Every structure is written in structure tokens, then in C-alpha cells.
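Q: Could you take me through one part of this structure at close range? I am new to it, so please go step by step and show me how the pieces connect.

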Amino acid sequence: MAESTSLIDAYELYIDGRWTEPDSGRYDVVNPATEAVIGTAPDAGVAQVEDAVAAARTAFDTGPWPTLEPAERARCLQQLSDALIARGEEIYALAQAEWGCAANERLIHVEGPAFMVGHAAELAVEPAEAPMEAWGAAGRTVLRYEPLGVVAAMTPWNFPHTLNVMKLGAALAAGNTLVLKPSPLTPLAGLALARIIDENTDIPPGVVNVVTPTSIEASRRLTLDPRVDMVSFTGSSAVGRDVMAGAASTMKRVLLECGGKSATVLLPDLDVTDELLERLLFEGCTMHAGQACILNSRLLLPEGMHDEVVGRLAEMARAVVLGDPVDPAVTMGPLISREHLERVEGFVKRAEADGATVVTGGSRPKDLSSGFYFEPTILTGSSADAYIAQEEVFGPVLTVLKYRDDDDAVAIANNSAYGLGGAVWGSDIERAVGIARRIRTGQVSINGTIPGDAPFGGFKQSGIGREGGVMGLRAYMEPKAIGIPA
């Protein structure tokens, strides 16, 4: 296929290394910043999803990928990393148009995934077999990690390119084959990735397949088909439970990274700078218009700090520039769809009805006549048990809660069905670390220090399993113990 100058295109399905006409027609892809149709995507029916699974199954059972030398798999993944860097401008244009990526988020959506698959290339050569200490054994024991087989990766619309690449990189580094099903709201991200693989890498046919169905029935085939060995899903906790239930029918392995309602705790000894507040606003409210599972959407403040911090945050929120991300001055783009905009709006109205105060924001901007925009919103006066403090909004809405002491802060942070992320800020590092250890969540940063190359995932209804690093690689593998006579 000749190289395209744009990744916004009328794709076909990518099955077994070939572009295949869809059997269920095509559907529109809408730019959430302008509401304009930017293209169409191929709609796969049940039979074509099954064809993709069959291609991945054959590529695993009889193809070269699982048995390649790790260094050769690493070479192919590095080719992909290099191609993603080289085509960064094309990917950025797609990210702006399909899912509303603003300039201040480019690293997360564009360069980050390229580095991520480069790291997957490094992980591909991790030793898969090593002796282990075995108490009471007559001989020696070797622990071996083997690829699971066919992985079905189901990804959401908020960080589509990043999550497509993250799952693909780990699955392929482990020696698996893949069927990727992106969200119908961002199908071009997955199809563009297939094009880049097709044009720029030596990854064999059938190892990566991309299907973009709209029907629940076609999507559910990936959780039910016995030829699939693992489902790796990122999305809402509600859908994650359905995925888990479907996978249970054939006891598939599951990796679920689901919702979050994470908390940031500010300790009373902290010097609250403007730089810190800008970061709190971004990480708790405006990052990708609040459409991030890792968003720290609850801010916990001591009584003596509350009014000043809220006032300064509100002033900063009012200075956020909303609009089409093609404008470099824009610092927050749109929500993904009209339906989602109405959902976020409903959360704020319910919070007000429950007694919360809208300090700033709370509605659609009056100066933008098209696009799915919602103002950065700060709420106060809610209880920790209120609906707005318990449920994931997935929009630019920050709920501020007061706490009395460290024990109360921990209790409020843990008062959630979720447990994905969180943050603690304070001058006394030991005190902050002590609080972090007590918060029931998969990741906590202290004073902005994000854990590096660490397993990522959640407690409770935030998911099952971990992605990232060696532990994330092993999540796509099965351990096998071999006893060898002395």
C-alpha cells in the first residue's frame, strides 16, 4: 500500500495482513470540536470479528511470531516505535480531529506512545526462563514464562492511540497475536496504527488485526470466542464487569483497567504555589477535558486552607481557553460526543440539587456555538458520600472536600468503590508517604512524583491486573514451572 500523507482516511478492516471491505457498511466519524464528519469507518459484523480471531489464532499456532528469537520481535517493535516518531505530525493531526487533543497534551497522545512501544521492544528480550529456589525439591526448578496466545484488546475513546499502542506493545513483546477493537467513537486511531504497522514494520500477517464494529453482539464475540485466550480491556467499570462475565465462559485471562474517582490530599504544612495549583487543576479537572480514568477528581483540603485554595483554583479555571485544538492557544478541548456532554451536564445539575455549590463553570460555554464543550467546573459543599463524590464524571469537574486530620483524609480517600490513583502533597515527606501507604489505590504520587516504569492498575472496581514494566509484560504470559532431576 502506498504511504499516505494523512492518517484521516476511509479505511477498510485490517485482517490477516490485508485490508478487507466491511460486511456491515460504514459509519461516520465526527470531530468533537466542530461536529463535522471527518470520515467514515468500516463496520465489522460478527463473521468478520470471527475472521480476525481466526487469523490471530493461525498466526499464533502456525506462524513465526511466538517462536521468533526475542531480539527479532524487539526489532519489529522498534521499527514501530521509529515509525510512530517519524509520523508524529500525522498522528497529532488525527488526535486533534478525532478525539480533541489539545497542544498541551501532545506528549501524552503522540510522543508518549512511540516511547512506550520502544520500551516494549526492550521488554521483549527480558529472560523468559530462569532457575528459582524451590524448597525441598529433589532436583532443580525452572520457571518459564510463555505467551498466552490470542489477545483481544478492547480500548476506549479517551486516549485511543496511547492505549492501543500500550496493549499492542506488551502483547506482542510477550509473543502473542492480537485482535484490536477500538471504540466506535475513535476507530481511526486503531486503523491508522494498523496502516503504520503494515507500511513500516516486518510484523507478520495475522499477528495484528484491527476490527471496528459498532454492534454489541460483534464486540462480545471477542469475550466469548474460545479461540481467544485473553481479553485486555480499558473502559468503564460497568462494561468491565460485562467483559469479565463473558470471558468467564471459557475461563479467559482478563486484564481490566477501569474507572477511577481518585483523591488528592493537600497537607496543612504545604506552601501552596501557583505552579502547584496549575498542576492540581490540570490533573484533577482539565486534562483532556476531564476524560481520564486517572483524574484526581476529588481534592481534599484542611479547613484552614479551603477558601483560599478554592478561590485561586477558580480564578485559574476561568482562564482556561476552550476551543478547537487546532488553535495552539487552546488549553482544553471538547468532550467526545453530545451524549457524553449531556451526561456530564447531568452530573453537575444533580450535584447542585444535592446541595453542592458551583464555584465556577457548570455549563456549556456561551461563546462556542458548535462542538461538545463544557466549562472547567469546581464544586464545593458536598459530603464525601454524595453522588458527585462517589461516581466517575469523566468530565472537567473537580469536587473539593474538607477533612479534619490525617485519619479523616485517609477515610475520605478510601470512601470509594474505586482505587486507581491518587496524590499527596506536603512538606513532611514521611507524613505524606505514611498517608499514601494507607490509601487503597493502585498508584499514589508524592509531591508530583509519578511512579516510573511501574505496574499500573487499580484496587476494587478500578480493575484487575497491572500494565506497564516487567509485571505488565508477564500479565500477557503464563508461568510454567519445570522440575528437572539433579
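A: Let's begin with Arg-144, keeping in mind that the model is predicted. Arg-144 has a relative accessible area of 30%, and it counts as partly exposed because that value falls between the 20% and 50% limits. Its side chain meets that of Glu-146 in a salt bridge, with N and O 2.8 Å apart. Glu-146 is partly exposed too, at 22% relative accessibility.

Arg-144 also takes us to a pocket. The second largest pocket has a volume of about 300 Å³. Twenty residues line this pocket, and those closest to its centre are Pro-70, Arg-73, Ala-128, Arg-144 and Tyr-145. Three elements, α2 (70-86), β6 (140-147) and α15 (469-474), each give at least two residues to the lining. The largest share comes from β6, which supplies four residues. Sorted by class, the lining of this pocket holds 12 nonpolar, two polar and six charged residues.

Now follow β6 itself into its sheet. Three strands make up an open sheet, ordered β5-β6-β22, with antiparallel pairing. At the edges lie β5 (129-132) and β22 (477-484), each of which pairs on one side only. On average, neighbouring strands of this sheet are turned by 25° against each other, direction ignored. Between β6 and β22, the antiparallel pairing runs over eight bridges. To find a spot on that pairing in the 3D view, look for Pro-147, which stands opposite Met-477 in β22.

With the pocket and sheet in place, we can return to salt bridges. The count for the model comes to 28. One of them joins the side chains of Arg-18 and Asp-16, with 3.6 Å from N to O. Here the two partners fall into separate classes: Arg-18 counts as exposed at 51% relative accessibility, while Asp-16 counts as partly exposed at 26%.

Another salt bridge is formed by Asp-407 and Arg-438, whose closest N and O atoms are 2.9 Å apart. This pair links distant parts of the chain, since Asp-407 sits in helix α13 (residues 406-414) and Arg-438 in helix α14 (residues 429-438), 31 residues apart. Asp-407 is partly exposed, with a relative accessible area of 48%, and Arg-438 is partly exposed as well, at 39%. Elsewhere, salt bridges with shared partners join Asp-9, Arg-87, Glu-90, Arg-195 and Glu-199 into one network.

Helix α13 gives us a way to the enclosed spaces. Searching the whole structure turns up four cavities of 30 Å³ or more. The largest cavity has a volume of about 80 Å³. Its lining has 14 residues, with Arg-298, Ala-413, Tyr-418, Gly-419 and Gly-421 nearest the centre. Two or more lining residues come from each of α13 and β17 (418-419). By class, the lining of the largest cavity splits into five nonpolar, six polar and three charged residues.

The second largest cavity has a volume of about 60 Å³. Among the residues that line it are Gly-260, Lys-261, Cys-293, Glu-392 and Phe-394. The lining of the second largest cavity divides into six nonpolar, four polar and two charged residues.

To retrace the path in your viewer, go back to Arg-144: there you have its salt bridge with Glu-146 and its place among the residues closest to the centre of the second largest pocket.

Note on methods: Residues numbered from 1 in each chain as written. Predicted model: local features only at pLDDT ≥ 70, side-chain atom pairs only at ≥ 80, totals over all residues. Heavy atoms only, no water. Salt bridge = Lys/Arg side-chain N within 4 Å of Asp/Glu carboxyl O. Buried < 20%, exposed > 50% of the residue type's maximum accessible area, 1.4 Å probe, protein only. 1 Å grid on protein atoms, 1.4 Å probe; cavity = no way out; pocket = protein on both sides within 12 Å on 5 of 7 lines; lining within 4 Å. Points joined across faces, edges and corners; volume = space filled by probe spheres on them. Nonpolar A, V, L, I, M, F, W, Y, C, P; charged D, E, K, R; others polar. Pairing = 2+ DSSP bridges. Axes fitted to C-alpha atoms, helices over the stretch in contact; angles between N-to-C directions.
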